[in-house]
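Please walk through this protein chain for a bench reader. Keep it brisk, and start with one residue before widening the view.

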Amino acid sequence: MESVLPPELNPKRRRESRFYARQSIVPHTNSKSGLKLPRIQSAKGSSSRRLTADDSAYSLLEKSKKNSKHSREDFNPDKIAAEIKYARLQEIFEKADTDQEPGLEPHEFRAAIKKTVGGHLTDNEIETLFMKVDANCDGVVDWEEYVTYNLMEYQEKNQMIEMMREKPFPTETRDVPSRHRDIIVRVALLPSIQKRTVPLAKLDYSNGRYVTLSKEGTLIFWTLKMKRIRSFNTHSSLDRATQPWLTDMACMYNVNMLAVTSTDRDIIIFDLQANKFIKRYHIVGIENCITTMYFWANLRDMNYAVLLWGDTDGNTFAIKFDSSLRGGPFGAVGSKDAYKKVNLPEVVRGFFIGAKAYKFSRVHDDWVSQIGYIPELDCVVSCCQSTNNSLYLADIEKKKISTVFKVSKGILSFDYCQYNNIIVTGGMDYLVRVWNPYVNSKAIVVLKGHSKPITHIIINSSKNQIISIDKGKSIRVFDMKDQTCIQQLSGRVIKLGPFPISTVCFNPGTQTLVLGTNQLAFLEKHFEEENTIEVTSHNKPIFAALYNKTFRFVVSACYDSVVSVWDVRNGEKVMQFINAHTHTEGGVDIPVEISAITFDGPERRLITGARDGSVKVWNFNNGACLQTFNTPGGLDVTGLVSTRHRIYVTGWSRTVHIYLDGGGEEYRKEWKAKHNEDIICMSYMGPNIIATGSYDGDIVIWSRDTGQAYCTLNAFKGTKPSTENNTKFKSMKDEEDERRYSLIEEDVMALDDAAGKMKSSKRSSLKGIRVGVGLLSKVRETNSRNGSRLSKQFCRMETPCEHPLMPLFDEQVYTPTPTSEQPSSRHGYDEICKNYEASVEKMIFLENRDNLDKQTAVLFTSGAEGWVRAWSMHHEGGLLGQFNASHKVGEGVHAIASDSENKYLFTADTAGYLKTWDITEYCIREKHTSSKRATRWKELFEIFMFMLVDGHDSREPPLSFNTKDPRPDGILNRPPPLNSNPRRTIQWPLLVNSFKVHTKVVNSIVFIDEFKFVCTCSADCSIRLWTLGGQYIGTFGERWDPIKPPYKPKKFDEDARIPRDLKRIGSARTLKVLNQSKAPKWKNLLAKMKKVGIPRVETQVEQEAVQEEVQFQDDLMEKKLNSSAILGQSYKRKIRHKLPPSLPKMIETSVSMAVFHSMPFVELAPVDQYSLSDDMKIRKYGANLRDKFRGVKRKDTVVPAIAMAVKKIANRGTKVPSARYHVKPSRVKKLYQQMQGKSFDPDAKFSIDSPVMSDTKLEQSKYSLVSDASY
């Protein structure tokens, strides 16, 4: 019985695996390094014989010639030479396996590659290849590792290329509303030809119109954007009881005509000149109903054209025109609206000059499905649903022998490619076949994929693609080079009703595919310019990115479980592997979100953790998974550390698990749990310190070797570390003495800095002491002022705090006491922050600092509230400093990083802003001297243009790089917890750069020391590269010019590259930083304004000056004329009236009114609209009534004479005489009669006709009318 051993330890299995590996090796060229690598070969080309080094190249060539059936086609000297080199390389590996240590060491591997396949490679390239293959870092590479690496690299790169390949069409169709009521039989493109007498190289498909025709006879013209222009009815006689069906249409673009055929067995040709639709020719005498039509015109001489059609009896016809531009295809027509009737038998006999018809009788056993013309072969091509004569090729003049192609169940559609000289067909057997026109026995290529009969075939020659459509409305696009399907659109996506697609039209100019059933839709590919495309690196939000110093690669992972490898030198994607972590549901693999990534110690492998608790080890150079772990509980993995062949894993399990690198899960160990909440982040500092941060703000410092927890840090509980012996955190009162000591120490340091600026060689010691005392008092005064201000804001219990959750604060959660604070007090605010904003999102160690000094911070953490805290791991250290690094209040800082020298701290918040801080003097014992600070200040101004934008003075460095000025605005109402002792710990480092890098939250920052680059990745699916000073390099996924270290930033260019989204939403400060403190847009705008605006201003000024001069001369002349030196001021000049200017002679006609060429006029002044007052209304009413009494008839409104004439003419004959009847007296007449009957005083001096009497009557009548109206 055979022993069960792994393949590595079983000699027999190992030999078998090597044997099978040898059978599948075929050399191919690696596009990256030019090295020929093994590749999987198909069964047809595989060989069971292994090549040896003894075989000569000549004998191999001879044997290949003898064994090959087609020696000319299969003979490849380069391939045989590569096989010889690989045979020699394999022999070298096999000789090394016989030694005590199997495999090749680096120097042996270098020599073997140099002798065989890599003679053109440099030593560095071979060394890099060795490190890629030796992923397990055992120092040797055997043949199996080498072959496996090459095969895996080819497989993953091939898959990556397939994913990155551009899709020809969008995934959704765009519907087009139309007036068609029945099935659309044809959609055609009518190109516009301006000069028909000039020879053309090709048709311009970007200028023209679409034409659609439906069964009921509706013909519609469309623009290239599928907007309706106009529609016509093609039926010539509308008095028929039933109209015929339209079957097909052909665009005769050389004469701008349209040929339409119907079930009446005729062809009607319409003229489209001058945007008209006029019937010109009517071809009759056709025996059978036409099923399909086609038209072709010679672009070199448009007099020559061919019109073809096929009918229901299997016949095909062709009419050749040789004088189409001389009066029309069938000659000139008499009048404009007349048409010529053409009898087909007469055309066949040659009775029409310039037109000759040919008939091919019964070439098919069934209806002709499609017909076409191939000018290169000068033959007619037609197909039908018959097996015996599926495809028929015939010479149009019948001088050559015709060719018949036989396909089972016939052919429904075909297309010809003149560039490749091939015919592509689709039929009832669901297969797409590619034919050589000269070989009808067997198809060249057969493409599978459809599940229903293929009804339409289109060749996109510009991209070497085949577009096929079946009856299920499924669309497939095949690549002719690779013979693979590059895109598939399911019929469920194409919503065109229940009917199959009846017609299609492809525009090669705009790459648009128009589809028609009884509805219309089209697929349009939008081609945007490179500078307008939003470049993305992943399809989903990016979680994190790492930089590999060994290979100079950036490795990124997104939430879609995709890992990509990028070359930092040119921005290209080197490798990508998808579905890194998956789980199976219903037999389908569903990707699991990646939540943690890191490198191993030598940075040869990548370790990833996922949301399902799985951990995998990868060779990221070829996408091979080397090892897999599963944590207990299957909870999220949020932290990974790899060192000394150990992998430390932590996450929501609140426990640290240790796995053996290369071992199984049986070697797993666990540390004692110290966290009460989920662990969010993890960091490592050599040689043996690991830190973990949790959701409640606890930071536990571990010993990597023993798993013992050194201490616990938490800013919400206190500033000092808590150990196992002393679990209580120091309160704020216990630190009062230490606070005073630190303030005195700061004063002494400030005094030293101030004293260092004095020139001691030329000043006395007494004067120096006085100056020192003065500076000391000034520093103390400044510190006391800042401290008092901050103490009032940050440290007072009655400080007004603002938080979005304050209104929702529930008092019942906390037991109230008689002296308890209200929810809006400081205690309530601190409680909310402790429960919801205490999480430690990110942490880093500053390994270049002294971790044994209690006054030096080596651990920096950031949280959801935006506060960055600096910690000392000394037992007397703790929290040394804290500052808010967010761009505005409420934003969290989720990413921090530092350089290798720990001079800068990089922070990025959820608003997408990247900030760079100088931490050379922040929370460290060693401070700068005045000279060193001045040098550092000058260096910062040379690197960061933000220093100028922010208003700093390059000539006067500050006394310290740290400040207590609060940032950002409004942070005083969002203070840190009281237990963190804000009075002592709050201080901001020097901000040297700040600008927006992404539109969404930044999840990771990587600083590349070799190039001095900052790499940022965000939830906006992009990874961007920036210089240290803020200059934009590019986004991974787009290619830029190769970069070599050390990189020198380019000088300011007016065309500086800035991402489009930042141009759109970036602030003025961000744009200034990206433009290196320049304003090129304003500069260009001012230049244009000067170029265009100044001449206009000068012209206006000149005109105004001329007007002022003229006005001055007029005033002077007026003054002279109105005065006299003899008569004095009493003299007045006589005023003479000027005659009006003479008007031009009127133009009068017999049918029009008098019209003037011009008339003098002045603009009318605006008239204010006003309403009649009550007094005016009463007076008007009284005047009307008085006229009634006196019998005076009021004049009608004056109407122009022309208007009166028009009114009389319009009313003439329409007025009907009304019957006479008794008209009742009006109310006014009744009132008058009543007044006549009343008695009045005879002694009165006024009569009824006097004004006073009239007014009295008016008043009485007024009130009587009002009273009557009220009743």
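## A loop residue to start with

Does Glu603 count as buried or exposed? The model is predicted, and in it Glu603 has 16% relative accessibility. Buried means under 20%, so Glu603 counts as buried. Its backbone also stands out: Glu603 has a positive phi of about 60°, although Glu603 is not a glycine. The residue sits in the loop that links strand E38 (594–599) to strand E39 (606–610).

Asn256 makes a companion case. Its phi is positive too, at about 55°, and Asn256 is not a glycine either. It belongs to the loop between strand E8 (246–252) and strand E9 (257–262). With 12% relative accessibility, Asn256 counts as buried, because the cut-off is under 20%.

## The whole chain

The protein has 1271 residues, and 45% of them count as buried. It holds 21 helices and 61 strands. Look at contacts with a separation of 6 or more: 52% of them join residues 24 or more positions apart. The exposed area is about 70600 Å². Carbon and sulfur atoms supply 52% of that area.

## Spans listed in UniProt

An unreviewed UniProt entry lists "domain: EF-hand" at residues 84–119 and 121–156. In the model, residues 121–156 are 69% helix and 0% strand. The end C-alpha atoms of that span are 23 Å apart.

The feature "repeat: WD" also comes from an unreviewed UniProt entry. It is placed at residues 535–576, 594–628, 672–712 and 995–1028. Two of these spans can be described here. Residues 594–628 are 0% helix and 63% strand, with end C-alpha atoms 14 Å apart. Residues 995–1028 are 0% helix and 59% strand, with end C-alpha atoms 12 Å apart.

## A covered strand and its hairpin

Strand E32 covers residues 542–548. Six of its seven residues are buried, so the strand is mostly covered. E32 pairs with strand E33 (residues 553–558) in the antiparallel sense, over six bridges. One of the matched pairs is Ala545 with Ser556 in E33.

The two strands form a hairpin with four residues between them. Arg552 lies in that turn and has a positive phi of about 60°.

## A cis proline

Which residue precedes Pro687 across a cis peptide bond? It is Gly686, and omega for this bond is near 5°. Pro687 lies in the loop between strand E46 (679–685) and strand E47 (689–694).

## Two four-stranded sheets

One open sheet runs in the order E50-E51-E52-E53, with antiparallel pairing. Its edges are strand E50 (840–845) and strand E53 (878–884), each pairing on one side only. On average, neighbouring strands of this sheet are turned by 20° against each other, direction ignored. Inside the order, strand E51 (residues 859–863) meets strand E52 (residues 867–872) over four antiparallel bridges. Leu859 stands opposite Trp871 in E52.

Another open sheet has the order E54-E55-E56-E57, again with antiparallel pairing. Its edge strands are E54 (893–898) and E57 (990–996), and each pairs on one side only. Neighbouring strands here are turned by 20° on average, direction ignored. E54 pairs with strand E55 (residues 904–909) in the antiparallel sense over five bridges. Val893 has Asp909 in E55 as its bridge partner.

## Nonpolar cores

The largest nonpolar core has 49 residues. Which members touch the most others? They are Phe860, Phe883, Leu905, Phe906, Trp917, Met947 and Ile1005. Apart from this core lies another one of 48 residues. Its members include Tyr253, Ile268, Ile286 and Leu344.

Ile1005 deserves a closer look. Set aside its neighbours within four places in sequence. Ile1005 is then in contact with Ala895, Ile896 and Ala897, and with Phe906, Thr907 and Ala908. Its remaining contacts are Leu914, Val1014 and Cys1015.

Technical notes: Residues numbered from 1 in each chain as written. Predicted model: local features only at pLDDT ≥ 70, side-chain atom pairs only at ≥ 80, totals over all residues. Heavy atoms only, no water. Core = buried A, V, L, I, M, F, W, Y, C linked by side-chain atoms within 4.5 Å. Buried < 20%, exposed > 50% of the residue type's maximum accessible area, 1.4 Å probe, protein only. Contact = heavy atoms within 4.5 Å. Pairing = 2+ DSSP bridges. Axes fitted to C-alpha atoms, helices over the stretch in contact; angles between N-to-C directions. UniProt positions renumbered as here; feature names shortened; annotations may be inferred. Areas by Shrake-Rupley, 256 points an atom, 1.4 Å probe, with all protein chains shown as cover.
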